[in-house]
Amino acid sequence: MPELLEVKDLKTQFFTRDGVVHAVDGVSFELAAGETLGIVGESGCGKSVTALSLMRLIPQPPGKIVEGSIMFDGQDVLKMDDDDVRAIRGNNIAMIFQDPMTSLNPVLTISRQISEALELHLKMDKAEAKKRTIELLELVNIPSAKKRADDYPHQFSGGMRQRVMIAMALSCNPKLILADEPTTALDVTIQAQILDLLKNLAREFRTAFILITHDLGVVAGMTQRIHVMYGGQIVEKADTGELFANPKMPYTWGLLRSIPRLDESRKAKLLPIEGLPPDLIAPPPGCRFEPRCQYRREICAQQVPELKHIPNAKPDHEARCFGTQEGGWLANTDWRQDVGNAKELEAIKLEVADLPPEMKRIEAAGETRPSP
Amino acid sequence: MTVQPDEFIQRSRSTATFDSGKNLLDVKALKMHFPLTQGIIFQRQVGAVRAVDGIDFFVEKGETLGLVGESGCGKSTTGRAILQLYKPTSGEVVFDGVELTKLGGESMRKMRRRMQMIFQDPYASLNPRMTVGNIIGEPLEVHNLASGKAKTERVQELLKIVGLNPYFTNRYPHEFSGGQRQRIGVARALAVEPEFIVADEPISALDVSIQAQVINLLEELQDKFKLTYLFIAHDLSVVRHISDRVAVMYLGKIVELADRVDLYEHPLHPYSQALLSAVPIPDPAVEGKRKRIILTGDVPSPVNPPTGCRFHTRCWKAQEICSEVDPEFIEHAPRHWAACHFPGA
């Protein structure tokens, strides 16, 4: 199948006063037309920066895409001039943001904001655009769409605003929708409504979409494949079913073990990932997860593991871990039973009690602080 | 706990405020309305936000009561009204036999030593200009518990208890990560050796991998210091994990209150059922098989709540009676209360 999107070795960095932040550090992935992909990770792991890089929306300065290529539909987005990128944004690639209040313009009516894209990209005249806008609002189940089209964003509730965002994203029949935490700001019952809507629309229009979230529950029911990100890198790639049934990266194990499940019947103790996420100005020299990994060995701190296929797993299942790769010491580990080396765990716990890495770096650089 | 049949019948028509002798906190008909005013010089009251509108519940010594609901349902207001951070409009809050709403300033201040709060946002709830030592030490001075060297030692001990380096007393909040700041907030609450802690969404501002660290810390502290928690959260999975009993709120009212397993396995109120079915489960095998109840519409405004049952505008079971008569909060099974005309599956 020809790929719709092919990202190769993407590196996005932010040049700050404290140093260079390696926000996205060598991310590669592909997406076929009509496919749904989930990108999971905690805040600061680079998942949103990846999405913004795809649209070339990284504020510059301080940010810059320093390396890599983004082939969308046969063209390299990174080599286009600004006009060409503008022709793609909102037209072929659309984006749904986390906070629908700050991403809608408060002084323009909803209909004005949706028709803007229609007039610009599809060259519709005003009347046509208005008609299409109302159709779109009906499509996302906004009651009495005709009347509400002339309302302003503040007259809508959070869930309704997110519906408007979805209508706007769909307006030009995009080939790809990037949804960045689309339901994080919403309540669970509203989240269920929005996810249901997204799922149906993606099926109906065969739009490819990338769902970016920190919630493993949300991607479990929504996507075909999942990529797990940590510290600016993809650390595991697999089919959704495979990832939950047979994860192959200690970070993914940690995530799955640390969240309480709604359907857990006994009151088991949670097993948190101890330690703190890495400082992306001075990332760990070896595996990014090594400082928090209970299964670590010497090699993990010295060499950077590649994203490689894992034996005893489905063919397209890849992970960035020396332990689970060919000949590793975690090949037969049952992550549900074996929670790792207790001594290492105690050592990592001490790190939680200590200062975060970025503070240590500032202190090491000799910055003075008010003495007690 | 077993309940004698006659005792059960006797209180089955009453509200959820029975006294088993173990109650640390009794909340009776608590109302918290915020006035809406109009006019610049002469402010007329034109209405009220009925944030909490008549709720009854109790918290037993040593247990964790989870309070769940969507944003704007009044769960945080309930927590604050219990601690008298808001002056309740009406109703009673009885803490260990003492009615709090009628207490004066000085006696209330003394009671406050026994009840503390942990806030949601660890970035906003710590004063950026105070050192960690001063933040944790302040309640010790306010309540005359320790000063000077004893205070410093106590602060270091508290930092150790919450899993932080005891030598951080001279540092400022901005030097810590979110999870560490929440630990500082916990240490501050523990400083006065309280019996009761209201934890208002203590983990929702934290990252997934850090949430479990804080949940475990709260559980360990509960065992160690025999604490009683009112745990307010919107995440039903977390509430299931940490609570002994759970209360579900909707638009200023408690619609269901039951033991943890009872509520999650056999929810009686349609709102609880919808809420539970809406939570995504991180397991595609389970997720594929689940039937989801998708509620239509949004939560109505608490300024002008629907007549009768407040949930009837979104309820798929609603009949005529639901829009006319407000259902009573009744004990349908032992220790399982619900306010619904048609409870059950």
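Helix α5 of chain B, residues 148–161, makes a good starting point: at 1.5 Å a residue, its 14 residues should span 20 Å, and the end C-alpha atoms do sit 20 Å apart, so the expectation and the model agree. The model itself is predicted. Which residues of α5(B) are buried? They are B:K151, B:V155, B:L158 and B:L159. These residues cover an arc of only 100° around the axis, which means that they lie on the same side of α5(B). The spacing is no surprise, because an α-helix has 3.6 residues a turn and residues three or four places apart point the same way. Flip to the other side of α5(B) and the picture changes: B:K149, B:A150 and B:E153 are exposed there. As for what the buried residues of α5(B) pack against, the partners are α4 (132–142) and α6 (178–190) of chain B. After α5(B) comes B:G163, with a positive phi near 85°.

Zooming out, chain B contains twelve helices and twelve strands. Its radius of gyration is 21 Å, while the globule rule gives 20 Å for 345 residues; the two are close, so chain B is as compact as a globular protein of that length. Along the principal axes, the C-alpha atoms of chain B fill a box of roughly 65 × 60 × 50 Å. Of the 345 residues in chain B, 47% are buried. Sequence-distant pairs show up a lot too: take the contacts in chain B between residues at least 6 apart in sequence, and 64% of them join residues at least 24 apart.

Now for the strands. Four of them form an open sheet in chain B, in the order β2-β1-β4-β5, and the pairing is antiparallel. β2 (44–60) and β5 (98–99) of chain B are at the edges with a single partner strand each, so one side of each has no neighbour in the sheet. Further in, β1 (residues 23–38) and β4 (residues 90–95) of chain B run antiparallel and are joined by five bridges. One pairing to look up is B:K31, whose bridge partner in β4(B) is B:S90.

Finally, there is the meeting of the two chains: 38 residues of chain B are in contact with 44 residues of chain A. On the chain B side, α7 (208–225), α8 (236–242), α10 (270–278) and α11 (284–289) each supply at least two residues. The largest share, six residues, comes from α7(B). Sorted by class, this side of chain B has 19 nonpolar, eleven polar and eight charged residues.

Note on methods: Residues are numbered from 1 along each chain as its sequence is written. Chains are lettered from A and ligands numbered from 1 in the order in which they are written. This is a predicted model: local features need pLDDT of at least 70, side-chain atom pairs count only at pLDDT 80 or more; totals for chains, interfaces and linings use all residues. Two residues are in contact if their C-beta atoms, placed from the backbone, lie within 7 Å. Helices (H or I, at least four residues) and strands (E, at least two) are DSSP runs, numbered from the N terminus. Ala, Val, Leu, Ile, Met, Phe, Trp, Tyr, Cys and Pro count as nonpolar, Asp, Glu, Lys and Arg as charged, and the others, Gly among them, as polar. The expected span of a helix is 1.5 Å times one less than its number of residues. A residue is buried if 20 or more other C-beta atoms lie within 10 Å of its own, exposed if 12 or fewer, and partly exposed in between; C-beta atoms are placed from the backbone. The arc is that of the directions from the helix axis to the C-beta atoms. The radius of gyration is taken over C-alpha atoms; the globule rule is 2.2 Å times the number of residues to the power 0.38. Two strands pair if DSSP finds at least two bridges between them.
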